[in-house]
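Colleague: I would like a close look at one part of this model. Please take the sheet and the core beside each other.

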Amino acid sequence: MRAGALILVAGLVAALGATSVAADRAFHFALSRSAPAADATVAPPAEVRLWFSQVAQTGSVGIRLIDAAGTAVETSEPTPVTDDGRVYGVRVGKTLAAGAYTVSWRGIGDDGHVVRGDFKFTVRSAE
């Protein structure tokens, strides 16, 4: 009986922890999706667009595009793409060559915490 009770308690604790993590993400500033998508292989994009889970504080969004050599690619300043303040984008200053790229981003949501992240995508060669 005692072992059964311990298994039940362990299961409840695990379920509450998973619910807490999911709820925590739902209420904090985070990246929801992107174009290009993380790990995608795409034609050279003219823009990088990020969708956030919350409205970003004014002036807090930073988006950098970095090539495989670690060099920053010229882009425009991040600007809101939609009126709701959750979608930001940067225009790419040149046609990207084939290869791997990293998007590094940061922003501040309603809770005032700075959140950062990055993801990679690949530009396919033109054939």
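How many bridges join strand 4 to strand 8, and do they run parallel or antiparallel?

Modeller: Six bridges join strand 4 to strand 8, and the two run antiparallel. Strands here are DSSP runs of E, at least two residues long, numbered from the N terminus. Two strands pair if DSSP finds at least two bridges between them. One bridge pair is Asp-67 with Tyr-101 of strand 8.

A word on the source. This is a predicted model: local features need pLDDT of at least 70, side-chain atom pairs count only at pLDDT 80 or more, and totals for chains, interfaces and linings use all residues. Residues are numbered from 1 along each chain as its sequence is written, and side-chain values use heavy atoms, with hydrogens and water left out.

Now the sheet. It is open, has five strands in the order 2-9-8-4-5, and its pairing is mixed. Strand 2 (41-42) and strand 5 (72-73) are the edges; each has a single partner strand, so one side of each lacks a neighbour in the sheet.

Next, the core. The largest nonpolar core (buried Ala, Val, Leu, Ile, Met, Phe, Trp, Tyr and Cys residues joined through side-chain atoms within 4.5 Å; buried is under 20% relative accessible area, 1.4 Å probe, protein chains only) has 21 residues. Leu-50, Ile-63, Leu-65, Leu-96, Val-103 and Phe-121 touch the most other members. Strand 4 (62-67) and strand 8 (99-108) are among the strands that each supply at least two residues of this core. Leu-65 has contacts (heavy atoms within 4.5 Å) beyond four places in sequence that include Tyr-101, Thr-102, Val-103 and Phe-121.

Terms used. Buried means under 20% relative accessible area, exposed over 50%, partly exposed in between (1.4 Å probe, protein chains only). Helices (H or I, at least four residues) and strands (E, at least two) are DSSP runs, numbered from the N terminus.
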